[in-house]
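Me: I am new to this structure and should like to learn how to read it. May we go through its features in turn?

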Amino acid sequence: MMSPTEEDFELELRSLSGVLNVEIRHRENGDVDSVTLVTLGQDPSAIRVMATQIVNLYYAEASVIVEDATKALTPREVQVVRVALVRAEFNPTTGNCDVELSFNGRVGLGRAGSGQLFGGAEATLAALRDLGYNLPFYLLTVISVATVRGWPVIVTLRPFSDGADMFGIAQADNDVTSATMATLDALNRFLSKDSVE
Amino acid sequence: MNPTVDGASEGAFGPEQQQYEPWLFQTMLDELSVSELGIGFIYSVLDLLVKRYALSDAVVVLSHESFGPQMFRAGGQAISAEFAASIGTAPGVYCEPDVVPNVERDAVRTACQLAISLHLARFSAAHDPLTNIANRRTFDSALQASCVRSSRYGWAFTLVLADLNGFKAINDSLGHAIGDDLLRQFGLAMRRSVRSGDVAARIGGDEFAVILSNADGHDSSGFTDRLRSHLGSARELVGFTIGTASSPRDSTDPAELFRIADARLYERKGASHR
């Protein structure tokens, strides 16, 4: 079990902007030997300076190691930090679809009341707007198609300006999740294309 | 290792929820009986998850408005940069082998999210956000407790009030960013200058206070010397004035002690201006 001091120590290190993970190594006598930080998207040398200041306050003898996860990602992976689905629900009583998305550590919520298919897609777009996306397209169609393997949902998004429609397809346990995942599929394709360009 | 996020909804709202066992809440209760929910709880839960499903590895990725994405690995193990990159930053629980039901992973993630939020809330309620030293509320409680001990058992302590000289002028001429940085450096120097058992706090804009345990009035000179040396380059930009009062010698009443230290501080400040 961690001591409250060690918990606060780790909390302070994690509060530094860009720190993803903290590992605290101990010597045999229980003293802290080294602290390894994994960082993402921030200047590792600046983090090292601030982390060293904090580490010195608690455990003056401990060394500080900073590893930058940004380097481990290829440029394209860095750009395409994917929008992930956390939750998609349809409430049969209210007729509302609620979608929760996560992007780069932030959570966006969206709600729409147009049934499971359109509602799922619209709630996803609303959640994306909640995440701060300024979406340059609108929802054109959401259809469920019969296949030998089930009922996948296809979502079509159309740009406000000129450009090709974007399609996404997904099949999950229920329509609202399928519609949400298909919308994200279309968005992720759009992002991939955008990052390549 | 498969992320839970992309398929998080697949079983989370179905009948699987009924089969959920309350081990997680028992862990919470156990943790609460000895301490408060915090980072330690997250590691406890991950270790239990590993044991419960005979996993070789488990990682939870959390998101927090103040922190951004955070990763925790069972056993407090390191996460290499490559491993972190392969997991990504979407919130979820990642297990090896991938045998934990979604509902249980969602519950673990939610409980861990709660723990880190509570830890941060607790820390923020007690500390000044700019300097990470104690805030006024924590300081007042500590001063009250020290006065009670001093009055009851005669334990001596010294209250030191410190005020930055000309801070407003620096803020006005060089900007608030420089001013904030100066306050941060001063807070850091204070943390480095106090001994374990002492309490350093920011009690106002550029006003700081320290309770030096087991110290009589003249003992504060050691602290002020350390503070000066730890200020480093910031000393060129700003100086400070202190006022002290000792308990039980001067008073055992917190308000009176504060008043005496404050009066001495302004006396010194006035003297330096004359």
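**Confidence**

Reply: Let us begin with confidence in chain B, which is lowest in α1(B), at a mean of 40, and highest in β5(B), at 95. The model is a predicted one.

Me: How should a stretch with low values be treated, and where does pLDDT stay under 50 in chain B?

Reply: As a general idea, where pLDDT is low, the predicted coordinates should not be read in detail. In chain B, pLDDT stays under 50 over residues 1-18. The model has 46 contacts beyond four places in sequence for that stretch. Taken as a whole, chain B has a mean pLDDT of 84, and 90% of its residues reach 70 or more.

Me: Which residues of chain A have a pLDDT that stays under 50?

Reply: In chain A these are residues 76-80, for which the model has 8 contacts beyond four places in sequence. The average pLDDT of chain A is 84, with 89% of the residues scoring at least 70. For the model, the scores are ipTM 0.80 and pTM 0.66.

**The two chains in outline**

Me: How many helices and strands does chain A have, and how many does chain B have?

Reply: Chain A contains 6 helices and 9 strands, while chain B contains 10 helices and 7 strands.

Me: What percentage of the residues is buried in chain A, and what percentage in chain B?

Reply: In chain A, 40% of the 197 residues count as buried. In chain B, buried residues make up 43% of the 274 residues.

Me: What can be said of contacts between residues far apart in sequence in chain B?

Reply: Among contacts in chain B between residues at least 6 apart in sequence, 70% join residues at least 24 apart. For chain A, residues 24 or more positions apart account for 42% of the contacts with a separation of 6 or more.

**Sheets of chain B**

Me: How is a sheet to be read, and what is the strand order in the open sheet of 4 strands?

Reply: One may start from the order of the strands and then turn to their pairing. The open sheet of 4 strands in chain B follows the order β5-β6-β4-β7, with antiparallel pairing. Its edge strands are β5 (199-202) and β7 (240-247) of chain B, each of which pairs on one side only. From one strand to the next, the twist averages 15°.

Me: How many bridges pair β4 with β6 of chain B?

Reply: Strand β4 (residues 157-164) and strand β6 (residues 207-213) of chain B pair over 7 bridges in the antiparallel sense. As one case, B:Val160 has B:Val210 in β6(B) as its bridge partner. Helix α6 (residues 136-153) of chain B lies across β4, β5, β6 and β7 of chain B and runs at about 140° to β5(B).

Me: What is the order of the open sheet formed by 3 strands in chain B?

Reply: That sheet has the order β2-β1-β3 (chain B), and the pairing is antiparallel. Since β2 and β3 (92-96) of chain B stand at the edges with a single partner strand each, one side of each is left without a neighbour in the sheet. Here, too, the twist averages 15° from one strand to the next. Strand β1 (residues 57-62) of chain B is joined to β3(B) by 5 bridges, and the two run antiparallel. Within β3(B), B:Val93 stands opposite B:Val60. Helix α3(B) lies across β1 and β2 of chain B, running at about 140° to β1(B).

**Where the chains meet**

Me: How many residues of chain B are in contact with chain A, and which element gives the largest share?

Reply: The contact involves 37 residues of chain B and 42 residues of chain A. Among the elements of chain B that give two or more residues are α3 (39-52), β2 (70-73) and α8 (176-193). The largest share, 4 residues, comes from α4(B). By class, this side of chain B has 18 nonpolar, 14 polar and 5 charged residues.

Me: How does one describe two packed helices?

Reply: Two packed helices are described by the angle between their axes and the distance between the axes. Here, helix α1 (residues 4-15) of chain A and helix α5 (residues 102-126) of chain B pack at an angle of about 95°, with their axes 11 Å apart. The helices α1(A) and α5(B) are therefore roughly perpendicular to each other. From α1(A), the contact is made by A:Glu7, A:Asp8 and A:Leu11; from α5(B), it is made by B:His119, B:Leu120 and B:Phe123. The residues of this contact divide into 3 nonpolar, 1 polar and 2 charged.

Note on methods: Residues numbered from 1 in each chain as written. Chains lettered and ligands numbered in written order. Predicted model: local features only at pLDDT ≥ 70, side-chain atom pairs only at ≥ 80, totals over all residues. pLDDT = per-residue confidence, 0-100. Contact = placed C-beta atoms within 7 Å. Axes fitted to C-alpha atoms, helices over the stretch in contact; angles between N-to-C directions. Parallel < 35°, antiparallel > 145°, perpendicular 65-115°, else oblique. Nonpolar A, V, L, I, M, F, W, Y, C, P; charged D, E, K, R; others polar. Buried ≥ 20, exposed ≤ 12 C-beta atoms within 10 Å, placed from the backbone. Pairing = 2+ DSSP bridges.
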